[in-house]
Amino acid sequence: MRPYVHLSAYERLQIYQLSQEGLSQAEIARRLGRHKGTINRELRRNEAPTGYLPDLAQRRYQARRQRCRPRPRLAERALRRNVILLLQQGWSPEQIAGRLRLEHGQTVVNHETIYRFVYDSALGRQEKLYQYLRRGQKKRRRSQGRGVRASPIAQRTFIEARPLAASQRTQTGHWETDSLLFPEEQALNVLVDRRSRFTVLTRLEGKTARDTCQVLAERLSALPHRSLTADNGSENADHTSVSNQLQIPFFFCHPYHSWEKGTVENTNGLIRRYLPRQTDLSRIVQEDLDAIADELNQRPRKCLGFRIPSEVL
């Protein structure tokens, strides 16, 4: 079976001339080497008040071809500019699509369209828009959790004993914490509320249990607090002191199960956009960390119905 080839302008002229001579559609098809259905469809769809005109038929054909071509990703200039600006501000494609849908009451652009614009469009490749995505990877990959070192900590209570409200994220005040490490034995503490995703960042004077205990007690005392979940790092060895000061239970993930505190692990990935692993924290003051946390807390989240963490907390 031969592949179908569209009628040419010359064939349309022949159809006009042969039809003017009074030949049947079947005979025109035989002379042009076309199926009679092709001739019938051509005459029917391009009929004008004065009959079939080859020039008009060719213009209509070209217009139909133009309409059926794939539209460029984010063809509307204002929308494209807005999407690029939000990507540069660190918003994910899902956050952009979700917030626009929330503001306009309907889908403005799908998040997969934004991903394809970033990775597949000429502009996206030219401007290297992938670098503004959370992982900054040239190709989309499935993320994987990192391992967690186990440490002998006395009197641990594991997360299966955590309240149902904490596990199901139905109540604010259930926090996850982690230490984000940097060169030269530098670290900062990350606190994230499981329900609202509200984030608190604090510079640690050291990676000791005493430093971590002091930061957790000071920061959570000014916020709603009902429980705390951490990994088995040695910085959490003084967990009983934190529990006593705040009067809340302290829960632990199982060794090498970092995904059990996935909220803070995901937030760590967001923070790395601002503070890569090789960052010298001695050049970063607490006001800088507060500004990063504030930007994260003002960013719409899909899991919150595209509300922002500060609204939910």
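**Exercise 1.** In this predicted model, determine which elements the buried residues of helix 10 pack against.

*Solution.* Begin with the partners: the buried residues of helix 10 pack against strand 3 (174–182), strand 4 (186–193), strand 5 (199–204), strand 6 (227–230), helix 11 (239–246) and strand 7 (250–252). Next, identify the residues concerned, taking buried to mean under 20% relative accessible area; in helix 10 these are Ala209, Asp211, Thr212, Cys213, Val215, Leu216, Ala217 and Leu220.

**Exercise 2.** Work out what span the 13 residues of helix 10 should have, and compare it with the distance between the end C-alpha atoms.

*Solution.* Helix 10 covers residues 209–221, and the expected span is 1.5 Å times one less than the number of residues, so the helix should span 18 Å. The end C-alpha atoms of helix 10 are 18 Å apart, which agrees with that expectation.

**Exercise 3.** Describe the largest cavity by its volume, its lining residues and the domains from which the lining is drawn.

*Solution.* A search of the whole structure for cavities of 30 Å³ or more finds 1, and the largest cavity holds about 50 Å³ of space. Its lining consists of Gly90, Trp91, Ser92, Tyr132, Leu133, Arg134, Leu270, Arg273 and Arg299, which by class gives 4 nonpolar, 2 polar and 3 charged residues. Finally, place the lining on the domain assignment, which gives domain 1 (9–68), domain 2 (77–132) and domain 3 (157–311): at least three lining residues come from each of domain 2 and domain 3.

**Exercise 4.** State how far apart the C-alpha centres of domain 1 and domain 3 lie.

*Solution.* With domain 1 assigned to 9–68 and domain 3 to 157–311, their C-alpha centres lie 71 Å apart.

Notes: Residues are numbered from 1 along each chain as its sequence is written. This is a predicted model: local features need pLDDT of at least 70, side-chain atom pairs count only at pLDDT 80 or more; totals for chains, interfaces and linings use all residues. Side-chain values use heavy atoms; hydrogens and water are left out. Helices (H or I, at least four residues) and strands (E, at least two) are DSSP runs, numbered from the N terminus. Buried means under 20% relative accessible area, exposed over 50%, partly exposed in between (1.4 Å probe, protein chains only). Contact means heavy atoms within 4.5 Å. On a 1 Å grid over the protein atoms alone, a cavity is a set of points where a 1.4 Å probe fits but cannot get out, and a pocket is an open set with protein on both sides within 12 Å along at least five of seven lines; lining residues have an atom within 4 Å of a point. Grid points are joined across faces, edges and corners, and a volume is the space filled by probe spheres set on the points. Ala, Val, Leu, Ile, Met, Phe, Trp, Tyr, Cys and Pro count as nonpolar, Asp, Glu, Lys and Arg as charged, and the others, Gly among them, as polar. Domain bounds come from an automatic or database domain assignment.
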